[in-house]
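Trainee: I am new to this structure, and I would like a close look at a single part of it, the nonpolar core and the helices that pack around it. Could you take me through it slowly, and then go on to the neighbouring loops and strands?

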Amino acid sequence: MAKKSSAPTKTAQKSAPPSGKAKLADLTHVQVEGSAELSYNGKKIALPVMHGTAGQPALDIRPLLPQFGMMTYDPGFGSTANCRSAITFIDGDKGILRHRGYEIADLAERGDFMEVCYLLLHGELPTPIEKAEFEQMIIYHTMLHEQVYPMMEGYRRDAHPMAVMVGIVGGLSAFYHDSLDIADPEQRMLASHRLIAKMPTIAAMSHKYSIGQPYVYPQNHLRYAENFLQMTFSVPAEPYIVNPVLARALDRILILHADHEQNASTSTVRLAGSSGANTYACIAAGIATLWGPLHGGANEAVLQMLAEIGPKKNIPNVIKRAKDKNDDYRLMGFGHRVYKNYDPRAQVMKKTCEEVLKELGINDPMLETAMELERIALSDDYFVEKKLYPNVDFYSGIILRAMGFPTKMFTMLFAVARTAGWIAQWKEMIEDSEQRIGRPRQIYVGETSRKYVPLNQRGAGKLRAVR
Ligand code: ACO
């Protein structure tokens, strides 16, 4: 049971300050206050309680194994804080998402993606000069080494774009030997800028390759989202004029996906980075994790689900299936490990979806099905009791489809946006003096000690056909 300690409040050890100006909020804001006592088999231990600037406190269990001889068991890390972080705050019960203290809705409605990238990386919104410099820096790095193109051509044209992205991004470490030293802050920043800059180029290039069109190079006069649209949709045979409503919508989608604290892919990036792996390799690990249908692959899965549902009259049947304990079926784009309220990103996404469809004059029956599905689910006891609300992916697929992005590219777009968060979190981890190589423990349930049996004494067994 937790009890307040009479010991004076202690601030955790200060980590090395990041390069550049001093930041308002940093990792030193963790306070140690109070302790929780644990007793087992006559042994006792008092575990310190750590408090951040917001959110639930955490038990510092580091003394547990060395002093108490016991581990903790938490599959899926539902109750485990793996790091201290000053980047993103989520209160899932209240539906709050903030980056560096700023509400996600404010950033999405009033800011732009470059500004959010800067904020995640540096801790503050940029001044006009800082922003111009940052954008210039990113634009400068949008081109790919020409040798990357033959790499792309090694893939089958029908390869999933995420397979291509994992390979190419990991492969970038073979091109940029000047930014592999993670101990050097300048090299870290160079790799960060390169990755944010090159992700849309890689995404657009893999699309062009899959449809047999020539690659389109980035244009330095265009802004980030505009350039992405231009590289994805223009062809050399005719001029391409970027639609500002679509560029704004894409920029907003990028903001909404930029970071989401310690989710599966971000934790993977941190874990990979904890071994000292280079930035490109760590981001490739994040891309691989994001690919799964329970994470970034959900936006693709939502469209497949809506297509399968078809007309609204079929909705009660899928609701019934989603509620059936003996059926694995889930409503894609519904539910979240952290949000037990409406995902604040889904609200902005829904509004953006309506704006894009209006601009394009599209009357997509999928939007009607989605809205009806949401309405029915949110009035159903099963979803209400389990606090299952639409998440960020529920409406994003409809917008992206309307904009002309093929379904297979959806998760890749998520990866483009999330690169900003992955990098900010990776950089924070490298600069945190408390971080060690990630190494979870396990409860072993396998065979205990056995004697080795030579091959010729193991019985005949059964011969199985090799396929
Ligand atoms: N449809 C129907 N039932 C659901 C759904 C769903 N989408 N999501 C959760 N449940 C039910 C589960 O069956 C479980 O029921 P039970 O307690 O009776 O066994 C209960 O709600 C809790 O579900 P868990 O899987 O334990 O919740 P968890 O926090 O581990 O999973 C997850 C969260 C993976 C997002 C889950 O809600 C899900 O699979 N959703 C669909 C996929 C999806 O949209 N993923 C995108 C997440 S957002 C992102 O990554 C950007």
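Mentor:

**The core and its helices**

In this predicted model, the largest nonpolar core holds 115 residues, and those that touch the most other members are M165, M305, L306, L331 and L373. The helix that gives the most to this core is α18, residues 410–431, with 13 residues. In general, nonpolar side chains in soluble globular proteins tend to be buried together.

To see what surrounds one of these core members, take L331: leaving aside residues up to four places away in sequence, L331 touches M305, V318, I319, A322, L373, A377 and F383. Two of these partners, M305 and L373, are themselves named among the core members that touch the most others, and each of them also takes part in a helix contact, M305 in that of α12 with α17 and L373 in that of α15 with α17.

Consider α12 and α17 in turn, which cover residues 298–309 and 393–403 and pack with their axes 8 Å apart at an angle of about 80°. Because an angle from 65 to 115 degrees counts as roughly perpendicular, α12 is roughly perpendicular to α17. On the α12 side the contact is made by A298, N299, V302, L303, M305 and L306, which meet D393, F394, S396, G397, I398 and R401 of α17. By kind, the residues of this contact divide into seven nonpolar, three polar and two charged.

Helix α17 also packs with α15, residues 365–378, and here the axes come within 10 Å and cross at roughly 175°. Since angles over 145 degrees count as roughly antiparallel, α15 and α17 are roughly antiparallel to each other. From α15 come M366, L367, A370, M371, L373 and E374, and from α17 come F394, Y395, I398 and R401. These residues divide into eight nonpolar, no polar and two charged.

Helix α10, residues 264–274, has as its buried residues S265, T266, V269, R270, A272, G273 and S274. The buried residues of α10 pack against α11, residues 279–290, and against α18, the helix that gives the most to the core. Just after α10, G276 takes a positive phi of about 95°.

**Loops and strands**

Most residues other than glycine have a negative phi, and against that background two loop residues deserve attention. K387, in the loop between α16 (381–385) and α17, has a positive phi near 55° although K387 is a residue other than glycine, and with a relative accessible area of 40% K387 is partly exposed. F77 lies in the loop between α1 (64–68) and β6 (88–91), and F77 likewise has a positive phi, of about 55°, without being a glycine. At 54% relative accessibility, F77 counts as exposed, because the cut-off for exposed is over 50%.

From β6 one can follow the chain into β7, residues 96–99, which pairs with β6 in the antiparallel sense over four bridges, with I90 having L97 of β7 as its bridge partner. The hairpin of β6 and β7 has four residues between the strands, and in it G95 takes a positive phi near 70°. Strand β7 is in turn joined by two bridges to β8, residues 102–103, and these two run antiparallel, with R98 standing opposite E103 in β8. In the hairpin of β7 and β8, which has two residues between the strands, R100 takes a positive phi near 50°.

Notes. Residues are numbered from 1 along each chain as its sequence is written. Side-chain values use heavy atoms; hydrogens and water are left out. A nonpolar core is a set of buried Ala, Val, Leu, Ile, Met, Phe, Trp, Tyr and Cys residues joined through side-chain atoms within 4.5 Å. Buried means under 20% relative accessible area, exposed over 50%, partly exposed in between (1.4 Å probe, protein chains only). Contact means heavy atoms within 4.5 Å. Axes are lines fitted to C-alpha atoms, for helices over the stretch in contact, and angles run from 0 to 180 degrees between N-to-C directions. Angles under 35 degrees count as roughly parallel, over 145 as roughly antiparallel, 65 to 115 as roughly perpendicular and the rest as oblique. Ala, Val, Leu, Ile, Met, Phe, Trp, Tyr, Cys and Pro count as nonpolar, Asp, Glu, Lys and Arg as charged, and the others, Gly among them, as polar. Two strands pair if DSSP finds at least two bridges between them.
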